[in-house]
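The following paragraphs lead through one protein chain, moving from its loops to its strands, helices and cysteines. Please keep the sequence and the coordinates in view while reading.

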Amino acid sequence: MSAFDKERKEATDASTENPFTQFYSMLLHQGNMLADYVRTGAYQRAMVDNGSDFAGKIVLDVGTGSGILSFFALQAGAAHVYSVDASDSVIVAEKLAKANGYGDRMTVLKGKIEEIELPEKVDIIISEPIGFLLVHERMLESYVTARHRFLKPGGLMMPSTGSIVLCPFVDEALYKEHCARAAFWETNNFFGIDISSVGPQAYSEYFSQAIVGYVDPNNLLSQERVKHTFDFHTVENSELQNFKIDFQFTVSKTSMLHGMAGWFDITFDGSTEKIVLDTAPECPGTHWYQCRLLLLEPIAVNRGQRIVGSVDFRANEGFSYDVFLEIQIEGTSVISKNRINLKDQHYAYLAQA
C-alpha cells in the first residue's frame, strides 16, 4: 500500500470515530483554542496560583491536545504528568515536551481514556472537556470516566465544577434572518418547480439550529439567571447524558421573547485560589461565545410578567444533544416550544458589544 493510499484509509477510518478526535488533531484548531487568552490564562492561573496543590503530585491530563495543560501542571510543580489523547495531537505534545525540557516528567499516551492503562493512580486530573453551552461534544463523560478509573480517593478535579446559565432574550434581527433563510423553500416557481410543499419542514430545520455567537447583554429580558451546576468530583455520566433545567424568570421589559440564551462558567477550586472562567455576555469574549436557542413562534411579554418552562437535554449519538425548549407565560395558556440539535449550529459572529 502506498503512503498516499495509507493516508486515505486512515482518513476514512477516522471518519467513523468521534469527529472531534480528528478535528482537534489539527494545529489550526489547537491554535484557535490556545489563542483564546481568557481560556488559556484561566487554566494557567488555576494551576500556578495553586502550586501547593500540584507540588510533587502525579497528574493526569485528559485530552491533552498540544500538551499545554500538562506544561502548566509542571510549571506548578507536578512531579509527573500522564498526557492522554485519542488523536495524533500526541505527536505535537511529545515534540513540545522535549523542546521545553519536560520530556522526563511527562508521559504522552495515545488512546481513549476508557481504554488506556496507567501504572499508578493520580492525585489530580486536569482537562479542558468543554464545548459550547458546556456540554456539546460530550467530552465531560470521558472526564468523569477518568475520575472513576484513575483518581485517588480525595483527589482533585480541575476544573472542579461547571454550570450552564440561562436567560431569555429578544433578537428581532436574528429571528427575521432565520425566517428569511427558511422562506426560500416557500418558492412556487424555482426554475419551473414548486418547492413550497416542503416549506414547513424547512422552518423546522432552520429553527432547530443552535445559534453560536456573542449575545448583546441589552437583549436579555430578565435580571435573573438560572444556573444548573455539575460537581465534577461527584457527578455521574448518567446525569450528564439526560438532564432537565426548570426555570422561572421575571420579565424586565416589554418585548417579544425569541428564545433562551445560554452560556457557562467553570470553577477551579484550589486550596489557595478559586479561579472562575465565565463566558457570560458581559465578560471578555472566548472562542465558545454564547448560545441562543430559538422558539419557532416568539412570545409577546410585558414587564413584570413571569415566564416558566424548561430546557431538556437528551444526549444523542452525534456526540451532542437534542434540546427541548418550552416557555410559557405563567398563569396563561400562552406557550411556545422548539426542538434544537446542538450538533447543528449556525454561527453568528457579530462583534461583542
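Where in the chain does Leu133 lie? Leu133 belongs to the loop that runs between E4 and H8. The model is a predicted one, and the features described below are to be read in that light.

The loop between E4 and H8 is a useful place to begin. The phi angle of Leu133 is near 55°, which is a positive value in a residue other than glycine. With a relative accessible area of 4%, Leu133 is buried, because it falls under the 20% limit. Arg138 is located in the loop between E4 and H8 as well, and its phi, near 60°, is likewise positive in a residue other than glycine. Such values deserve attention because most residues other than glycine have a negative phi.

The elements on either side of this loop form part of a larger unit. Strand E4 covers residues 122-127 and strand E5 covers residues 151-158; the two run parallel and are joined by four bridges. Within this pairing, Ile125 stands opposite Met157 of E5. The connection from E4 to E5 passes through helix H8, residues 140-150, and this β-α-β crossover is right-handed.

Beyond E5, the backbone shows another local feature. The peptide bond that leads from Met158 to Pro159 is cis, with omega near 15°. Pro159 itself is placed in the loop between E5 and strand E6, the latter comprising 161-169. For comparison, most peptide bonds are trans.

Attention may now turn to other strand pairings. Strand E12, residues 290-301, is joined to E7 by three bridges, and the two strands run antiparallel. One position in this pairing is that of Gly213, whose bridge partner in E12 is Gln290. E12 also pairs with strand E10, residues 255-269, in the antiparallel sense, here over seven bridges. In that pairing, Gly259 has Leu294 of E12 as its bridge partner.

Leu294 appears again in the surroundings of His178. His178 is situated in helix H9, which spans residues 172-183. Is His178 buried or exposed? Its relative accessible area is 0%, so His178 is buried. Leaving aside neighbours within four places in sequence, the residues in contact with His178 are Tyr206, Phe207, Gln209, Ile211, Leu294 and His346. As for Tyr206, its backbone oxygen lies 3.2 Å from a polar atom of the His178 side chain.

The loop between strand E7 (209-213) and strand E8 (226-231) contains Asn219. Asn219 is partly exposed, at a relative accessible area of 22%. When residues up to four places away in sequence are not counted, Asn219 touches Pro168, Phe169, Val170 and Asp171. A further distance helps to place this residue: Asn219 and Ala261 are 42 residues apart along the chain, and their C-alpha atoms are separated by 9.6 Å.

Asp322 is found in strand E14, residues 320-329. Its relative accessibility is 16%, so Asp322 counts as buried. Not counting residues up to four places away in sequence, Asp322 touches Asp312, Phe313, Arg314, Asn316, Arg339, Ile340 and Asn341.

Helix H3, residues 27-34, illustrates how burial can be distributed around a helix. Its buried residues are His29, Gln30 and Met33. Viewed down the axis of H3, these buried residues fall within an arc of 100°, so they line one face of the helix. Leu27 and Leu28 are exposed, on the other side of H3.

The cysteines complete the account. How many disulfides does a search of the whole structure find? The search finds zero disulfides. Cys167 is in no disulfide, and the nearest cysteine sulfur, that of Cys283, is 14 Å away. A disulfide would require the two sulfur atoms to lie within 2.5 Å. Cys167 counts as buried, because its relative accessibility is 0%. Cys179 is also in no disulfide; in its case the nearest cysteine sulfur belongs to Cys291 and is 18 Å away. At 19% relative accessibility, Cys179 counts as buried, since the limit for that class is under 20%.

Key
Residues are numbered from 1 along each chain as its sequence is written. This is a predicted model: local features need pLDDT of at least 70, side-chain atom pairs count only at pLDDT 80 or more; totals for chains, interfaces and linings use all residues. Side-chain values use heavy atoms; hydrogens and water are left out. Buried means under 20% relative accessible area, exposed over 50%, partly exposed in between (1.4 Å probe, protein chains only). Two strands pair if DSSP finds at least two bridges between them. A crossover is right-handed if, with the strands pointing away from the viewer, the path from the first strand over the helix to the second runs clockwise. The arc is that of the directions from the helix axis to the C-beta atoms. A polar contact is a pair of N or O atoms within 3.5 Å; within protein, one must be able to donate a hydrogen and the other to accept it, and residues adjacent in sequence count only if both atoms are side-chain atoms. Contact means heavy atoms within 4.5 Å.
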